[in-house]
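Open your viewer and get ready to select residues as we go. We will move from stop to stop, with a short note on what to look for at each one.

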Amino acid sequence: MRVITQHTVGDPSVLDLVEADCPEPGYGQVLIRTGAIGVNPVDWQVSSGELAMLGEPPFTVGWDIAGTVEAAGPGVSAFAPGDGVMGMLALPGAGNTYAEYVLASVNEIVHKPAGLTMEQAAGLPMAGLTAWQSLVGLARIQPGQRVLVHRAAGGVGHLAVQIAKARGAHVIGTASAAKHDLLRGLGVDEPIDYRTRDFAEACRVDVAFDLLGGEYGERSARLVTPGGVLVSACPQDTGVTPELIARLGIRHALTIVSPSAPDLAQLSALVATGWLSVHVDQVLPLAEAAKAHEIVARGAVTGKLVLVP
């Protein structure tokens, strides 16, 4: 099979397309024939050496996968060859999804929803789990609450908007004006153009979902009403201190996304009922993984970018 690997960390040019042996599924595993691969910021952060998650190279990055079960290992009864599946694998270990065949544990995957293309399914797991575990698991949003989502047209943000709407929230989303039609289509009640309007003067909210960190974290925290919650998806740079959180009388939660078939099943249910869709901005061949990393590192993606073998 073909696989993207690297023998050093660095800029995207370190990614090499090579031939490797196809793996065999062990107990509780399935072998997936790759249909599409979701590309996430953590991919290039690990590849570049910014995050030392996988130790020393050589290694293969990638955690999102959608495809078809090729073979099932011993002890597997929930999946059979020919089943369409999707999942986020092994995080914070090596998911190895930048490949034509990928091994997955059955507790990391679910059947692919019929309402998603293979490319859309590949774009859902990590971003969707981040949004779900943040807004439902940590913030516990309730109907009628006001929820602020930063980067509302991005990979996590555009899914967070839909999850919040499905839970009955009033959603405020920040994005450039060119993306406001997309935001309204996703259900955003109040789009804010961060380039021309200071979001910190625009609203008070019960929940702020910060996907930017730094100064955005502090400014977002000050918008949250007492008793509300700030959820930070940038744990290395939240922009807030415990003293500020205590003074404001709010709760602060950190998102550390983790694989979860039950949470993926909840996302699949939202797809089935029409509450959730995945916006795929670009599709590139696996051989252009370096180009994909360049694009994602620039933050130049609306929704999701995916690779196909």
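Helices (H or I, at least four residues) and strands (E, at least two) are DSSP runs, numbered from the N terminus. The model is predicted, so local features need pLDDT of at least 70 and side-chain atom pairs count only at pLDDT 80 or more, while totals for chains, interfaces and linings use all residues. Residues are numbered from 1 along each chain as its sequence is written, and side-chain values use heavy atoms, with hydrogens and water left out.

**Stop 1: a cis bond between two prolines**

Select Pro57 and Pro58. The peptide bond that joins Pro57 and Pro58 is cis, with omega about 10°. Pro58 sits in the loop between helix 1 (41–48) and strand 4 (64–72). As background, most peptide bonds are trans, and most residues other than glycine have a negative phi.

**Stop 2: Thr5**

Keep Pro58 shown and add Thr5, which belongs to strand 1 (residues 2–5). Is Thr5 buried or exposed? With a relative accessible area of 12%, Thr5 is buried (buried means under 20% relative accessible area, exposed over 50%, partly exposed in between, using a 1.4 Å probe and protein chains only). Now show what surrounds Thr5: leaving out residues up to four places away in sequence, Thr5 touches Val14, Leu15, Asp16, Val18, Pro58, Phe59 and Thr60. Touching here means contact, that is, heavy atoms within 4.5 Å. Draw a distance from the side chain of Thr5 to the backbone oxygen of Phe59, and you should find 3.3 Å. That is a polar contact (a pair of N or O atoms within 3.5 Å; within protein, one must be able to donate a hydrogen and the other to accept it, and residues adjacent in sequence count only if both atoms are side-chain atoms).

**Stop 3: the loop between strand 5 and strand 6**

Next, go to the loop between strand 5 (84–88) and strand 6 (101–105), where Thr97 is found. Three residues are worth selecting here.

- Pro92 lies in this loop, and the peptide bond from Leu91 to Pro92 is cis, with omega near 10°.
- Asn96 is in the loop too. Its phi is positive, about 55°, although Asn96 is not a glycine. Asn96 is partly exposed, at a relative accessible area of 37%.
- Thr97 is buried, with a relative accessible area of 0%.

Which backbone oxygens does the side chain of Thr97 reach? One is that of Gly62, at 3.2 Å, and another is that of Asp64, at 3.3 Å. Apart from residues up to four places away in sequence, Thr97 touches Ile37, Val61, Gly62, Trp63, Asp64, Ile65, Leu89 and Val102.

**Stop 4: helix 3 against helix 4**

Color helix 3 (residues 125–138) and helix 4 (residues 155–166); they pack at an angle of about 45°, with their axes 8 Å apart. Axes are lines fitted to C-alpha atoms, for helices over the stretch in contact, and angles run from 0 to 180 degrees between N-to-C directions. Helix 3 and helix 4 are therefore oblique to each other (angles under 35 degrees count as roughly parallel, over 145 as roughly antiparallel, 65 to 115 as roughly perpendicular and the rest as oblique).

To see the contact, select Ala127, Gly128, Thr130, Ala131, Trp132, Leu135 and Val136 in helix 3, which meet Gly155, Val156, Leu159, Ala160, Ile163 and Ala164 in helix 4. By class, these residues are 10 nonpolar, three polar and no charged (Ala, Val, Leu, Ile, Met, Phe, Trp, Tyr, Cys and Pro count as nonpolar, Asp, Glu, Lys and Arg as charged, and the others, Gly among them, as polar).

**Stop 5: helix 3 against helix 8**

Keep helix 3 and add helix 8 (residues 261–272): the two axes come within 10 Å and cross at roughly 95°. Helix 3 and helix 8 are therefore roughly perpendicular to each other. Pro125, Gly128, Leu129, Trp132 and Gln133 in helix 3 meet Asp263, Leu264, Gln266, Leu267 and Leu270 in helix 8. This contact has six nonpolar, three polar and one charged residues.

Zoom in on Leu129 of helix 3. Leu129 is buried, with a relative accessible area of 0%. Its C-alpha atom is separated by 7.6 Å from that of Ser258, 129 residues away along the chain.

**Last stop: Arg140**

Finish at Arg140, in the loop between helix 3 and strand 8 (146–149). Arg140 has a positive phi, near 50°, in a residue other than glycine. At a relative accessible area of 48%, Arg140 is partly exposed.
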